[in-house]
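Let's take a walk through this protein together, starting with the whole fold and then stopping at a few residues. Keep the structure open beside you as you read.

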Amino acid sequence: MIIVTGATGFIGSCLISRLNQENFNAIIAVDDFSRADKLANLEGKRILERIDREQFFEWLDGNYHEIEFLFHIGARTDTTEFDRSIFEHLNVEYSKKIWAKCIEYQIPLVYASSAATYGLGELGYDDNESLIPQLKPLNPYGESKNEFDKWVLEQEKHPFFWAGLKFFNVYGPNEYHKDRMASVIYHAFCQIKQKGSMKLFRSHNPNFADGEQMRDFIYVKDVIDVCVFLMHHRRNSGIYNLGSGKARTFLDLANNTFRAMGVMAEIEFVDTPEDIRDKYQYYTQASMSKLRSIGYDQHFQTLEEGIQDYVQNYLMPGKHL
């Protein structure tokens, strides 16, 4: 059995799809299954059991001897949520319990961290673990992810293999339910489909022209490739960046979305909402040398390749992965 927490979510459901493709069908899907808008992400997937996240630890105590691997992808990911108690429960304490169970039952673990831990990037975007205690995330979500990373590095006992993955700006199929937290590519597609044009945030930083803000966008299929690699690799435990390693502008993103849809580009700039303006990242780019150093040699899809696949094979026909 392979456990995937956050199973109905964006990345978790894509991971299950990929595991099924590799003939791993004894999947234990863990989540809060009360949101009907997310259940479509699991349609057609081969899942052995669905376990509510609040009953998961009791279930695990009775079934641990059959577990081969645990992917802890579930988390509260809303960067505009400021109730720290929600993040403390779901992102920190829940993850600590999973860590303890993986030690007790000798289950290898991959868990989701985030590039939100880097804040404004004052210390760069290098996944050197000695820098993690010095990072200054910009919101409670990023703080919760960094708190768990710091806690992990302080532990004397570890699962026999573990890896934390700092996801950068992930985009791709199965994010239909994410609303404001969906990728810019998804929002661009929806705007272009409805109006034939789209809006981008104006720059409020004199060092960046409008639309020239840069992020490391990574296609979800590449994220899943790394997860599967680590499941088979099971060596070199640690915390790793997971981006494409190449920062691209929002204008690049917008123009590629128009191109994939076969629509002439028409872009309007609007002010960045005030509630996120002072916490807005203008540049992110993952250093990917650490993951490469342990033998990961697969190609990361370019923004052009990823957007074309996403738009033409999923968004336009309304399909899930």
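**A loop stop, then the whole picture**

Let's begin at Asn-236, which is partly exposed, with a relative accessible area of 38%. Bear in mind as you look that this is a predicted model. You'll find Asn-236 in the loop between helix 7 and strand 11. What makes the backbone here worth a look is the phi of Asn-236: it is positive, about 60°, although the residue is not a glycine.

Arg-234 sits in that loop between helix 7 (220–233) and strand 11 (238–242) too. Its phi is near 55°, again a positive value in a residue other than glycine. As for cover, Arg-234 is partly exposed, at a relative accessible area of 25%.

Now zoom out. How many helices and strands does the protein have? The secondary structure comes to 11 helices and 13 strands. The radius of gyration is 19 Å, close to the 20 Å that the globule rule gives for 321 residues, so the protein is as compact as a globular protein of that length. If you'd rather think in terms of a box, the C-alpha atoms fill one of roughly 55 × 45 × 40 Å, taken along the principal axes.

What about inside versus outside? Of the 321 residues, 53% count as buried. The accessible surface comes to about 13,900 Å², and 46% of that belongs to carbon and sulfur atoms. The chain also makes plenty of long-distance connections in sequence terms: take the contacts between residues at least 6 apart in sequence, and 78% of them join residues at least 24 apart.

On to the charges. The protein carries 35 positive and 45 negative side chains. How far apart do the centres of the two sets lie? The answer is 2 Å.

Some of those charges pair up, and the count comes to 14 salt bridges. Helix 4 (residues 84–104) is a good place to see how this works, with Glu-93 and Lys-96 sitting 3 residues apart in it, and therefore separated by about one helical turn. These two form a salt bridge in which the closest N and O atoms are 3.7 Å apart. Both ends have some access to the outside: Glu-93 counts as partly exposed at 32% relative accessibility, and Lys-96 is partly exposed with a relative accessible area of 23%.

Follow helix 4 along and you come to another pair, Glu-104 and Lys-101, which are 3 residues apart in the helix and so separated by about one helical turn. Their closest N and O atoms are 3.8 Å apart, and the pair forms a salt bridge. Is Lys-101 buried or exposed? At 18% relative accessibility, Lys-101 counts as buried, because the cut-off for buried is under 20%.

For a further salt bridge, look at Glu-22 and Arg-18, where the closest N and O atoms are 2.8 Å apart. Glu-22 counts as partly exposed, at 32% relative accessibility.

Let's finish with two residues on the inside. Ile-16 is in helix 1 (residues 10–21), and at 0% relative accessibility it counts as buried. Which residues does Ile-16 touch, leaving aside its neighbours within four places in sequence? The list is Val-4, Ala-7, Ile-27, Leu-42, Lys-45 and Ile-47. You can also trace the C-alpha to C-alpha distance from Ile-16 to Ile-3: the two are 13 residues apart in sequence and 9.4 Å apart in space.

The other is Leu-303, which lies in helix 11 (residues 303–315). Leu-303 is buried too, with a relative accessible area of 5%. Setting aside neighbours within four places in sequence, Leu-303 is in contact with Tyr-171, Ile-185, Phe-217, Arg-248, Asp-252, Leu-253 and Asn-256. Pick out Arg-248 from that group: Leu-303 and Arg-248 are 55 residues apart in sequence, yet 7.8 Å apart in space from C-alpha to C-alpha.

Notes: Residues are numbered from 1 along each chain as its sequence is written. This is a predicted model: local features need pLDDT of at least 70, side-chain atom pairs count only at pLDDT 80 or more; totals for chains, interfaces and linings use all residues. Side-chain values use heavy atoms; hydrogens and water are left out. Helices (H or I, at least four residues) and strands (E, at least two) are DSSP runs, numbered from the N terminus. The radius of gyration is taken over C-alpha atoms; the globule rule is 2.2 Å times the number of residues to the power 0.38. Buried means under 20% relative accessible area, exposed over 50%, partly exposed in between (1.4 Å probe, protein chains only). Contact means heavy atoms within 4.5 Å. Accessible areas come from the Shrake-Rupley method with a 1.4 Å probe; for residues, only the protein chains shown count as cover. Lys and Arg count as positive and Asp and Glu as negative; His and the chain ends are not counted. The place of a charge is taken as NZ of Lys, CZ of Arg, CG of Asp or CD of Glu. A salt bridge is a side-chain nitrogen of Lys or Arg within 4 Å of a carboxyl oxygen of Asp or Glu.
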